[in-house]
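Here is a friendly walk through one protein model, meant for someone meeting it for the very first time. Have a look at the picture, then read on.

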Amino acid sequence: MTLRTIEKKNFPPFMANLMKAMEVVGVQEKVEGKYEFAPLESPAQLCLDYDVTLLSPKKYILPPRETLLKFTTGQTVSCEPVMESKPLALIGVHPYDVKAISQLDRIFADANQDEHYQKKRQNTVIIGTDIKRASPYAFCKSMNSATVQEGFDLLLTDIGESYTVAIGSPKGQDLLEKYAASRAATKEEAAKRSEVQEKIPYMFSLNSVTTPYDQLPRLLTDHAEDKLFNELAEKCFSCGSCNLVCPTCYCFDVQDDMALNLTAGERFRLWDGCLLEGFAEVAGGENFREDRSERVRHRIFRKGKYIYEKYGEHGCVGCGRCASACLPDIANPVEIFNRLKEGK
Ligand code: SF4
Ligand code: SF4
């Protein structure tokens with residue numbers, strides 16, 4: 001992997017150049033200690049020293065509400081797909097979110113090719129940054145997501161006076177050549193980068209899943225009928241927050257919206273969540289997961305078994321957002337996996 005260096009004083013001009021060429025979305029402090037991905041209006045708004053954002057950058061590739069097609073009815077019937085997409089740079093993406101986007105890339109390119117997602121994704125560059133501060137709920141070391149070797153176009157590592165920049169794709173290389181003043185990283189800078197990266201997983205040592213990564217599917221299979229799922233279900237509000245904040249959740253509902261004169265309309269999709277009561281309800285009113293404990297179990301099986309069995313990696317990257325979003329404090333995968341193992 002090619003490694004370049006950008007002096008910190010040259011970083012704001014890099015951002016400013018990018019902002020002239022495309023929309024730039026970066027991490028900003030929303031209120032004290034709470035961070036979000038939002039469009040940058042000036043390089044000074046960017047914050048690369050954050051713990052976790054409230055929502056992941058997924059919302060810019062898979063928007064919470066997205067028009068898929070527009071149609072007319074009546075005498076002239078027509079139907080046109082809507083493919084909205086423009087060049088976009090996502091800056092400050094942590095490794096666990098880089099991994100989550102890579103997973104979405106695989107899923108939306110699988111048997112059901114999703115052109116809306118793919119168009120947006122092709123127009124997006126990901127400038128990742130190594131983690132400098134751990135969120136209290138994050139357990140990305142356990143989910144092999146504390147650092148990342150691929151899935152980004154550029155990856156920044158803060159080594160003091162400068163950032164090393166790992167080039168992950170031709171798109172990233174092009175971006176760097178066009179918009180940044182960079183130079184080849186020296187041996188000392190490469191060594192400093194390795195030193196910084198080696199320490200990152202240890203930030204998460206106090207928050208660990210006690211079952212090895214590849215043993216989680218077995219653990220869940222063995223505890224599919226565990227009473228823990230009933231206990232959690234008794235406290236669950238079925239609010240779906242744990243799904244909506246999750247960078248790897250990708251389920252959506254499709255609906256049609258008709259104009260009042262009934263001659264035109266649009267079809268759109270909205271984020272959905274498997275914890276919501278109506279998620280598995282079908283025409284006729286049958287609900288395949290009517291019982292809340294089944295929905296609680298289903299979510300955890302998606303995170304620690306089903307996705308792994310299909311793609312060889314878990315549908316959880318250990319960001320900890322679900323744990324911090326859940327009001328009754330029952331969504332934390334670390335606690336659920338560890339309690340299942342301990343039989344408590
Ligand atoms: S399940 Fe929770 S910890 Fe895992 S990726 Fe989703 S939000 Fe993050
Ligand atoms: S956030 Fe908590 S209360 Fe809401 S659906 Fe998820 S587990 Fe249930």
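Let's start with S238, which sits in the loop between α7 and α8 (241–244). Keep in mind that this is a predicted model. The phi of S238 is near 55°, a positive value in a residue other than glycine. Is S238 buried or exposed? With a relative accessibility of 15%, S238 counts as buried, because the cut-off for that label is under 20% relative accessible area.

There's a second residue with this kind of backbone angle. D329 isn't a glycine, yet it has a positive phi of about 60°. You'll find D329 in the loop between α10 (321–325) and α11. Its relative accessibility is 40%, so D329 counts as partly exposed.

**Around the ligands**

S238 also turns up beside a ligand. Ligand 2 is surrounded by C236, F237, S238, C239, G240, S241, C242, L275, C326, P328, I330 and A331. Ligand 1 has its own set of neighbours: F139, C246, P247, R299, K303, C316, V317, G318, C319, G320 and C322. Here is how the two shells break down by class.

| Shell | Nonpolar | Polar | Charged |
|---|---|---|---|
| Ligand 1 | seven residues | two residues | two residues |
| Ligand 2 | nine residues | three residues | no residues |

**Two helices and two domains**

Helix α7 (residues 228–235) packs against helix α11 (residues 333–342) at an angle of about 145°, and their axes are 11 Å apart. On the α7 side, L228, F229, E231 and L232 do the touching, and they meet I336, R339 and L340 in α11. Sorted by class, that contact has five nonpolar, no polar and two charged residues.

Now zoom out a bit. The domain assignment of the protein gives domain 1 as 3–64 + 84–204, and domain 2 as 213–263 + 270–342. How far apart do the C-alpha centres of domain 1 and domain 2 lie? They lie 27 Å apart. The contact takes 30 residues from domain 1 and 29 residues from domain 2.

**The eight-stranded sheet**

Next up is an open sheet of eight strands, in the order β3-β2-β6-β7-β8-β9-β1-β10, with mixed pairing. At the edges stand β3 (34–39) and β10 (183–184); each has a single partner strand, so one side of each is left without a neighbour in the sheet. Helix α5 (residues 187–199) packs on this sheet and touches β1 (3–7), β8 (154–158), β9 (162–167) and β10, with its direction at about 85° to that of β8. Over at the β3 end, strand β2 (residues 23–31) runs antiparallel to β3 and is joined to it by six bridges. V25, for instance, has P39 in β3 as its bridge partner.

Strand β9 deserves a closer look. It is mostly covered, with six of its six residues buried. Which residues cover which side? S162, T164 and A166 lie on one side, while Y163, V165 and I167 lie on the other, and all of them are buried.

What pairs with β9? On the β1 side, the pairing is antiparallel over five bridges, and I6 stands opposite Y163. β8 is also antiparallel to β9, again with five bridges, and here L156 has V165 as its bridge partner. β8 and β9 form a hairpin with three residues between them, and G160 in the turn has a positive phi of about 115°.

V165 gives us a handy reference point for one more residue. N17 belongs to helix α1 (residues 11–21) and is partly exposed, with a relative accessible area of 27%. N17 and V165 are 148 residues apart in sequence and 17 Å apart in space, C-alpha to C-alpha.

**The four-stranded sheet**

The other sheet to look at is open too, with four strands in the order β5-β4-β12-β11 and antiparallel pairing. Its edge strands are β5 (78–81) and β11 (252–258), each of which pairs on one side only. On average, neighbouring strands here are turned by 25° against each other, direction ignored.

Strand β4 (residues 65–72) and β5 are joined by four bridges and run antiparallel; in that pair, L69 has P81 in β5 as its bridge partner. Finally, helix α3 (residues 115–122) lies across β4 and β12 (264–271), running at about 125° to β4.

Key
Residues are numbered from 1 along each chain as its sequence is written. Chains are lettered from A and ligands numbered from 1 in the order in which they are written. This is a predicted model: local features need pLDDT of at least 70, side-chain atom pairs count only at pLDDT 80 or more; totals for chains, interfaces and linings use all residues. Side-chain values use heavy atoms; hydrogens and water are left out. A residue is near a molecule or strand if one of its heavy atoms lies within 4 Å of it. Ala, Val, Leu, Ile, Met, Phe, Trp, Tyr, Cys and Pro count as nonpolar, Asp, Glu, Lys and Arg as charged, and the others, Gly among them, as polar. Two strands pair if DSSP finds at least two bridges between them. Contact means heavy atoms within 4.5 Å. Axes are lines fitted to C-alpha atoms, for helices over the stretch in contact, and angles run from 0 to 180 degrees between N-to-C directions. Buried means under 20% relative accessible area, exposed over 50%, partly exposed in between (1.4 Å probe, protein chains only). Domain bounds come from an automatic or database domain assignment.
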